[in-house]
Amino acid sequence: MIEESRKLSPAEEDAFGKELDVLRDEAFGSLGQADVDHIRGVVRLARRAEAGGRALLHLGLDPVTFLAGAGALGVSKILENMEIGHNVIHGQYDWTKDPALEGAGYEWDIVCPAEGWRRSHNFEHHTFTNILGKDRDVGYLVLRVSADQPWHPAYLLQPVSAVLLALMFEWGLGLHDMRFDDLFRARSLGEAREALKGLVERGRPFLSKAARLCAKDYLLFPALALANAPRVLAGNVLANVIRNVWGFSVIFCGHFPAGVRVYAEEACEGESRGAWYARQLNGSANIEGGKLLHLMTGHLSHQIEHHLFPDLPAARYPGLAPKVRAICERYGQRYSTGSMPRQLASVARQILRNAFPGGGKPIRDIAAENPPLGRMSAAAA
Amino acid sequence: MNAISRIATGVARGLLLERQAEFWLGQVAPTRSLAQLRARVEEVVDETADVKTFRLRPNGRWSGHQAGQFTTVELEIDGVRTRRCYSISSAPGRLPAITVKRKPGGVVSGWMHAHLRRGDVIGLGLAAGDFVLPAVLPQKLLFLTGGSGITPAMSMLLDLGRRAPAADIVLVHHARSADDVIFRGALAALAARAGGPRVVLCSDDGSSGLGPFDEARLALLVPDFARRESWVCGPPGLMERVQSMWEAAGIAGSLRQERFTLAPPRAVTGGKTTRIRLAHAGRSFVAGPGTLLEQLEQAGAKPVSGCRMGICRTCKVRKVSGAVEDLRTGAVSGAADEDVQPCISVARSDLELSL
């Protein structure tokens, strides 16, 4: 495996971009019934898992059906959020013209409203991937995942805050999209007032959606269970936590294992399409595994392919991966991939090591000769 | 029951359980839906070698149709929802039926003929269109139809049979050959009834007795045509000739028309290239021949479309700037920020569209 991507000349960047464009065009040109059947099959699976999980929680009395019920409900939420919600909201199925699969109208089962997500994720994160200061998803502004982020004593607590974020990930995403940081960045009273106005504007839909989802999982369904209400409430909490921890794990494996690059803002000004592709590639990491793992991650186990082609139906990524990898090989580009335990361990090391100051190589020097600011240094080094 | 289902729907919506409700409704019965008008295919009838009638049973959202109106069917063809408009050929008050001719190279009509079976569920639009009978029925009526243009007329003839048994009705229908006459048996049955319409069949090859459309012969066949309220529906050539004939007789006001296909657009004059800019996609392309909708499709903009003849307004887009010609009327409009229907428009200058 190539350990470090080499710098591409502008001509190489263009050729690299063209080869990926060809892959993209081929894939888009071959979309059809099988792709729609796939996503509808996943919808069916998610709905049935939800109904089955809720039935087990409502009707059972023993701990085995409790765990099975919460597990099935958790699985349905994972499928709904990842393979269905995240991918549909990306517009991956807009070409079907089926209103049920339209990205612009989809609202998912997670407290973070889809409307804000379309901006913060589809636009900002996917456009400015791993650019420090522009991609607010680097450590979600609360974790120092790269030595290139300036250290602050608050990061000493991040091993604890990372665990909390994992447990409450949907709330983390919702609060993240509230953009409280705009308020802290305000340099004048006018800017502060603007930031506050924005907070109120975003706060309303967030609170409304959070209230509706909490009413569903923590009031309506427990109330319907009558005497079994405490069990159903506990099961619903557990299902949401299962989904949160899984979502956190998948997403952190996608961008923060050692070796994934972060970029300086100025290095990406006026970048070509090929350079954009190269940044997406070098800013993402895959998780190796079987079909079930790919499905349960919403195919974000192919984070690299997802970042190259974010609006292509995700179930196509496994088929594209060998071709993408071969292109990367030819252009001397690192294709970061590993098993889930390996990638998770790498993320954990990053979080632990970067809680303390330093940890990086002289990254500014790398930035001087290389567009990327640096890479997520192996914490053990 | 209605109140309960309304409350349940409200709760489902409020607590974001709408998609679940829609899913389980669809599992109970495929035509059931919280929001969509859907229909099950009840029966497929072969009318001629290349024409089939699909009798549909819509869900509760269907609100009936007037004779002569059309509906929009939504089909999933290779994963993509595609819409087309078809005249309803059944009588009002009956299950809606559409009668579809398989067009050479027609993606949708070809697909329907090959794949649409009894029991399948399709999307449907509410009946629409103003090619209908007036509220106060005239005593003398004339229907001039060609090919599948018989479909709205059939619905009207069936309706008239019940509402105005004493009316004096003439149908002059044109087909390629006697074998290509749609509803041949039903028309004969109508004509055989006491007080039924007079049915005249003409065909291009003369196999039904009379030859192709001819103004002089029509005037002989129906000498009082000028005193009749008339409806014409058929291929563009027939429609143009009938319209000219009625205009020459100074009775254009008594002629109602329904077009299924557009006359092909004229070439852009001056040979100047026009560019179409898509504001949201941030790209532009050079316009070739054909309608704006065809241009957008060729450019990969994947526009939503329906009837492709300017009636259903599915493909409507906001034109930010530039001039388009309406192919139906020849009117050129250069207004900024107006909605245009790409299926019946051609670019007459550089355009910017809100796409």
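Accessible area here comes from the Shrake-Rupley method with a 1.4 Å probe. By that yardstick, chain B exposes about 16,400 Å² of surface, and carbon and sulfur atoms account for 53% of it. Keep in mind that this is a predicted model. Here's a quick tour of chain B, followed by the nonpolar cores.

**Build of chain B**
- Chain B carries 8 helices along with 19 strands.
- A compact globule of 355 residues would have a radius of gyration near 20 Å, so the 23 Å found for chain B agrees with that.
- Lined up on its principal axes, chain B has C-alpha atoms that fill a box of roughly 65 × 65 × 40 Å.
- Take the contacts in chain B between residues at least 6 apart in sequence: 64% of them link residues at least 24 apart.

**Burial and charge in chain B**
- Of the 355 residues in chain B, 47% are buried.
- On the charge side, chain B has 45 positive side chains and 34 negative ones.
- The centres of those two charge sets sit 4 Å apart.

**Nonpolar cores**
- In soluble globular proteins, nonpolar side chains tend to be buried together.
- The largest nonpolar core here has 69 residues, and the members touching the most others are A:Phe16, A:Leu20, A:Phe252, A:Phe309 and A:Val324.
- Leaving aside residues up to four places away in sequence, A:Phe16 touches A:Leu8, A:Gly274, A:Tyr277, A:Ala278, A:Leu281, A:Ile327, A:Tyr331 and A:Gln333.
- There's also a second, separate core of 25 residues, with B:Ile150, B:Met156, B:Leu157 and B:Ile169 among them.

Terms used: Residues are numbered from 1 along each chain as its sequence is written. Chains are lettered from A and ligands numbered from 1 in the order in which they are written. This is a predicted model: local features need pLDDT of at least 70, side-chain atom pairs count only at pLDDT 80 or more; totals for chains, interfaces and linings use all residues. Side-chain values use heavy atoms; hydrogens and water are left out. Helices (H or I, at least four residues) and strands (E, at least two) are DSSP runs, numbered from the N terminus. The radius of gyration is taken over C-alpha atoms; the globule rule is 2.2 Å times the number of residues to the power 0.38. Buried means under 20% relative accessible area, exposed over 50%, partly exposed in between (1.4 Å probe, protein chains only). Contact means heavy atoms within 4.5 Å. Lys and Arg count as positive and Asp and Glu as negative; His and the chain ends are not counted. The place of a charge is taken as NZ of Lys, CZ of Arg, CG of Asp or CD of Glu. A nonpolar core is a set of buried Ala, Val, Leu, Ile, Met, Phe, Trp, Tyr and Cys residues joined through side-chain atoms within 4.5 Å.
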